[in-house]
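Visitor: Could you take me through one part of this protein up close? I'd like to see how its strands sit together.

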Amino acid sequence: MINFPIAKINLGLNVVSKRDDGYHNLETVFYPVPIKDALEVYPMNDAFPSDVRCDLKVTNVNIEGDEQRNLVVRAYNLLAADYCLPRVHTHLYKNIPTQAGMGGGSSDCAYMIRLLNEQFSLGMSDEKMMEYAARLGADCAFFIRSCPAYAEGIGEKLTPIDLNLGDYKMLVVKPDIPVSTKEAFSLITPKKPVKNCLDVVRQPIETWKEELVNDFEYSVFAIHPEIGQLKQRMYDHGAVYASMSGSGSSVFGLFRGMPDEESFVSGMDKLTVFTVDMSDI
């Protein structure tokens, strides 16, 4: 069985307070974006080593590290502790850019939970799957439903919202620049925003440029001014709204008509570019 984990963007991201557990309380709006990975699960060959319950093959990108620590395998192990699951092979084709602030890893693990629930008839409700997903990462629960939502806490407290960007085109640009989330957090002074991002996204999109803020931009742009330049380039090419997503390093722009990609990237290199029709959600 196969499914297709979807990406997300943040529409506004405010770091409002430091928690006693070392994490931060956030306020943000998650919105799904039709940039997708592909995730397939099939029965494990009996000849495979008996001490492995779930193996993972990743293609299209090189992901370093122990595959057993990957969120996809951890999702399997989490459910296997409570449900009788057979041994499986897992193939993940990565298309969502990594280290981009677009939730690719979180989406993969949430869609693994969804896939296992369906393939092996576990009978879990969305709420139950969201409980499991939240144990794997702050924004993982969002991808169980992959519908627009206002997020609070560390990103796990979700309230569905009525928001439709289907009339817009999106350009997503991921520069070849690693961003340390830990460093980005360290340079932020938590504070409540002047206006909550949920209130802003309910306004006409033309007002977002001045009022919808991603707090990480201040610290990330100071360290990596090239990312800030990408955001300005979006506006120079006619974006109605542009922002960095999450803690970066991807930058997205919403357009009424898609700009010419060749013109946009002219003079720039080492960029991954996606042109997205938001009506494809």
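Guide: Let's walk through one sheet and the helix beside it. Keep in mind that this is a predicted model, where local features need pLDDT of at least 70 and side-chain atom pairs count only at pLDDT 80 or more, while totals for chains, interfaces and linings use all residues. Residues are numbered from 1 along each chain as its sequence is written, and side-chain values use heavy atoms, with hydrogens and water left out.

Okay, the sheet: four strands make an open, antiparallel sheet, in the order E10-E11-E9-E12. Strands here are DSSP runs of E with at least two residues, helices are runs of H or I with at least four, and both are numbered from the N terminus. Two strands count as paired if DSSP finds at least two bridges between them. In general, strands of a sheet pair through backbone hydrogen bonds.

Now look at the edges: E10 (241-244) and E12 (271-277) each have a single partner strand, so one side of each has no neighbour in the sheet. On average, neighbouring strands are turned by 15 degrees against each other, direction ignored. Such angles compare lines fitted to C-alpha atoms, for helices over the stretch in contact, and run from 0 to 180 degrees between N-to-C directions.

Next, zoom in on E9 (residues 169-175) and E11 (residues 251-255), which pair in the antiparallel sense over five bridges. Here Met-170 stands opposite Leu-254 in E11. Finally, helix H9 (residues 225-236) packs on the sheet, touching E9, E10, E11 and E12, where contact means heavy atoms within 4.5 Å. The direction of H9 makes about 5 degrees with that of E11.
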